[in-house]
Amino acid sequence: MMAVATIEHDAELMLRVREGDSQSFALLLAKHRSPVIHFLYRMIQNQAVAEELAQEVFLRVYKSRASYEPTAKFTTWLFRIASHVALNHIRDGKYERNQESLDQESDEGMSRQVASDALTVEQMMVREAKFGEIRRAIQLLPAKQRAAVLMHKYQEMEYAQIAAALECSESAVKSLLFRAYETLRAKLAHMAGHS
Amino acid sequence: MNPKNVNCPMQSGNAEILLSYCARSLEPEQVAQIELHLSACAECRAWATEQKTVWAAMDAWEAEPVSADFDAALFARIAAAEKPSAWERWSAPWREILRGGMGWRPVLSAGVVALTLVIALSIENPFRREPVGQTVKLEAQEIEQAERALEDLEMLRQLEPPEEETSL
């Protein structure tokens with residue numbers, strides 16, 4: 001019931017944006033900014049590029065306001081745009097070019113994250129290694145599997161929503177998720193008890 | 001009934017229910033049913049344990065904080081994108097006329113007439129061949145002058161006395 005109210009509210013805000021209310025756009029941005037950027041960051045694994053792509057996503061949302069129709073959940077529509085932007089970025093080969101700078105940047109990010117906790121040097125090293133392993137395991141997934149897993153795990157989207165966002169069938173999504181988690185289990189299952 | 005044999009997700013090709021169980025997105029009755037099965041099925045239990053490990057490992061991957069100037073940069077991009085191009089600025093009054101109360105038929109008719117004139121003039125030009133016509137005219141004048149000169153010479157010759165008579 002709560003979810004339905006939220007969906008209606010987002011769609012209502014977008015309809016107000018369509019009528020020229022820029023304040024409603026600011027509200028939508030405030031609510032969905034972080035989830036979109038985090039999704040793109042985990043897809044591309046480069047914070048600067050993720051923010052650039054997120055701007056592209058919200059720019060497209062704003063430009064599409066005139067033709068917006070609330071036929072699907074707002075988040076589904078939003079993540080369809082975000083997935084398109086991310087998959088196009090990867091397909092165009094820009095993703096590979098970013099990989100060299102990615103390692104350095106991600107290590108810095110990891111250090112920032114870990115340093116915030118009060119851990120011993122040894123604990124920090126273990127966490128860094130674990131974090132790097134998770135990041136690499138996800139990075140090696142095919143792009144569409146990666147998108148499906150990230151939407152399933154971090155956005156808690158249902159199969160139908162992921163299917164709509166990736167423009168495929170629900171059974172295709174289940175297959176994508178099953179194969180992706182199979183790969184991740186093979187690579188990460190040894191971590192049991194490490195945390 | 002043996003819980004091991006009841007609706008084994010792995011055997012019945014319904015592993016997604018195990019995935020949903022590990023993602024904690026099942027209803028309480030379904031959770032109870034799956035846990036009953038897991039207590040008896042080592043294969044599903046091992047699968048679920050591995051999946052929970054992956055799930056927990058992924059939880060550890062926190063995203064980075066968003067830049068403070070993200071919104072400002074976005075609104076600047078929106079403002080730039082919304083700014084009309086030179087063509088849009090130039091064509092705006094014309095589009096307004098076409099869209100407006102004047103009606104588009106008279107404007108369109110005038111436009112068609114103007115376009116026809118422009119095309120007619122541009123087609124006319126190549127056939128006029130102004131320089132070539134002038135050359136032909138000049139050549140004709142030169143021939144005419146030469147003919148006149150010959151006629152004048154002939155007339156002078158006729159006026160002159162015969163050469164023999166002069167010498168005598």
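Where in chain A does Glu156(A) lie? Look for the loop between α7 (143-153) and α8 (159-166) of chain A, and you will find Glu156(A) there. Keep in mind as you explore that this is a predicted model.

Glu156(A) is a good place to pause. Its phi is positive, at about 55°, although the residue is not a glycine. Is Glu156(A) buried or exposed? A residue counts as exposed if 12 or fewer other C-beta atoms lie within 10 Å of its own. Glu156(A) has 11 other C-beta atoms within 10 Å, so it is exposed.

Now turn to chain B and find the loop between α1 (15-22) and α2 (28-38), where Arg24(B) sits. Arg24(B) is not a glycine, yet it has a positive phi of about 55°. Arg24(B) counts as exposed because it has 10 C-beta neighbours inside 10 Å.

From these loops, let us move on to the place where the chains meet. Here 25 residues of chain B are in contact with 32 residues of chain A. On the side of chain B that touches chain A, the elements giving two or more residues are α1, α3 (42-59) and α4 (70-82) of chain B. Which element gives the largest share of that side? It is α3(B), with eight residues. As for the kinds of residue on the side of chain B that touches chain A, 15 are nonpolar, four are polar and six are charged.

How values were computed. Residues are numbered from 1 along each chain as its sequence is written. Chains are lettered from A and ligands numbered from 1 in the order in which they are written. This is a predicted model: local features need pLDDT of at least 70, side-chain atom pairs count only at pLDDT 80 or more; totals for chains, interfaces and linings use all residues. Helices (H or I, at least four residues) and strands (E, at least two) are DSSP runs, numbered from the N terminus. A residue is buried if 20 or more other C-beta atoms lie within 10 Å of its own, exposed if 12 or fewer, and partly exposed in between; C-beta atoms are placed from the backbone. Two residues are in contact if their C-beta atoms, placed from the backbone, lie within 7 Å. Ala, Val, Leu, Ile, Met, Phe, Trp, Tyr, Cys and Pro count as nonpolar, Asp, Glu, Lys and Arg as charged, and the others, Gly among them, as polar.
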